[in-house]
Every structure is written in C-alpha cells, then in structure tokens.
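This briefing covers the nonpolar core, one buried helical position and the salt bridges of a single model. Please consult the sequence and structure shown below alongside the points that follow.

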Amino acid sequence: QVLAVNPGHVHARLSIGQNLRQRGKEDEAVPEFMMALQLPNEGPGRLADEVALSQIRRAAIQQLTSIFGKRANQLSRQRQHRASIEQLQKLAKILRESLSGPQYDDKNGDEVAPILTGNVEHTEWNESTTAVFFGAGGRQISQTEVLCQLVTDLARTESNMTADYLELGERSNAEDAL
C-alpha cells in the first residue's frame, strides 16, 4: 500500500526485500535491496532523519553482501569458479559505489561523511569528532566502524575473487582483482 503512494519509499523497499529473503526468494529480494540503496530520499514518506536513512542503506548493503557472498561461496565449492566470480564482481561493484558516495557538501564545500554513514547536520567536524549511530540492540556504531566494515567486505570479496581466478589458472586476472 505504501508503494502505491510512493514507489520510491526507501524503508518500504528494504522491508519488502527482507520479507522476500526470509521466504527464500533471494532473486526477487535483490532488486528491492538495490532500490533501498539507490533511490533518492524524497516524496511522501521521506526520511527527515539522515541517520535513519543511513541505517536503512547499511542494512540493504548487509543483505546484498550476504546474498552475493553466499551465492559465490556455494558456486566456488561446486567448482563453478566463473559463476562465482560473476557474483563477486557484482558485490564488489556495489561495495565500491557505496564507499565512493558523496564526500563533499556541494553547498559550501565542507567535507562530510560518505552517504552510508549519514550526514549529521549541526556537527562541528575536526580530527577528534566521530559521529555515533545506534545499531540493533542499541549498540553504538561509529562512522569509522561502518567504513571499516565496508572496506573489510570489499577486501574479502576481492580476495575470494582472486582465489577463484587462481583456481581457473588466470593469474593476470587474479592480480587485477587485487
């Protein structure tokens, strides 16, 4: 019903993706997670809270990382390394794009955090400032922790891709994957 009013409702897209995944429909869930990650936050149902938006986008990335990582792992164990590489390439692209989100505020040129870590307004940024968000169970999550997790996921993805290339005897592609 929410999507009838606003097809771009970010939180509804995440919820639909989670529901589909819980029902074992991962192929149908992936586009919903991608929309939750990429749709602009506008229109009816717009999240005014940038922290909430960043949490939704992080949840979408976690779901996509899990789906593509699991697929690649299964394919690699079945010695279908080319298909595993394709899954890992898709995941690496998603993670790289997430890490390369907007780094500067176009309005006044001030440096801000990548979009996934939120744009916490009215905060004076200096070397000692770290925005803190709250994850599941009220656990504090810093911007640094979020970025480290993305980098770790990307490194793991590239490492697995390298292993698959080596299994195929493609040393030059393995070197390029790193």
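Contact here means that heavy atoms lie within 4.5 Å. The model is predicted. On that basis, Phe 33 touches Leu 14, Gly 17, Gln 18, Arg 21, Ala 60, Gln 63, Leu 64 and Ile 67, with residues up to four places away in sequence left out of the list.

**Nonpolar core**

- The largest nonpolar core holds 30 residues, of which Leu 14, Phe 33, Leu 64 and Met 161 touch the most other members.
- Two or more residues of this core come from each of helix 2 (10–22), helix 3 (26–38), helix 4, helix 5, helix 6 and helix 7.
- The greatest contribution to this core is that of helix 4, which supplies nine residues.
- Leu 14 and Leu 64, both named among the core members with the most contacts, are also among the residues that Phe 33 touches.

**Ala 59 in helix 4**

- Ala 59 is part of helix 4, which spans residues 50–77.
- Buried or exposed: which term applies to Ala 59? Its relative accessibility is 17%, and buried means under 20%, so Ala 59 counts as buried.
- Ala 59 and Gln 18 are 41 residues apart along the chain, and their C-alpha atoms are separated by 9.6 Å.

**Salt bridges**

- The whole structure contains ten salt bridges.
- Glu 170 and Arg 82 form one of them through their side chains, at 2.2 Å from N to O. Glu 170 lies in the loop between helix 6 (143–167) and helix 7 (171–177), whereas Arg 82 belongs to helix 5 (residues 81–99), so this pair ties together parts that are 88 residues apart in sequence.
- Arg 82 has a relative accessible area of 39% and is therefore partly exposed.
- Lys 93 and Glu 97 are joined by a side-chain salt bridge of 2.6 Å, N to O. Both residues lie in helix 5, four residues apart, which is about one turn of the helix.
- Glu 97 counts as partly exposed, because its relative accessibility is 40%.
- Arg 21, Glu 26 and Lys 70 are joined into one network by salt bridges that share partners.
- Within that network, the side chains of Glu 26 and Arg 21 meet at 3.0 Å, N to O, and both Glu 26 and Arg 21 are buried.
- Arg 21 also appears among the contacts of Phe 33.

Notes. Residues are numbered from 1 along each chain as its sequence is written. This is a predicted model: local features need pLDDT of at least 70, side-chain atom pairs count only at pLDDT 80 or more; totals for chains, interfaces and linings use all residues. Side-chain values use heavy atoms; hydrogens and water are left out. Buried means under 20% relative accessible area, exposed over 50%, partly exposed in between (1.4 Å probe, protein chains only). A salt bridge is a side-chain nitrogen of Lys or Arg within 4 Å of a carboxyl oxygen of Asp or Glu. A nonpolar core is a set of buried Ala, Val, Leu, Ile, Met, Phe, Trp, Tyr and Cys residues joined through side-chain atoms within 4.5 Å.
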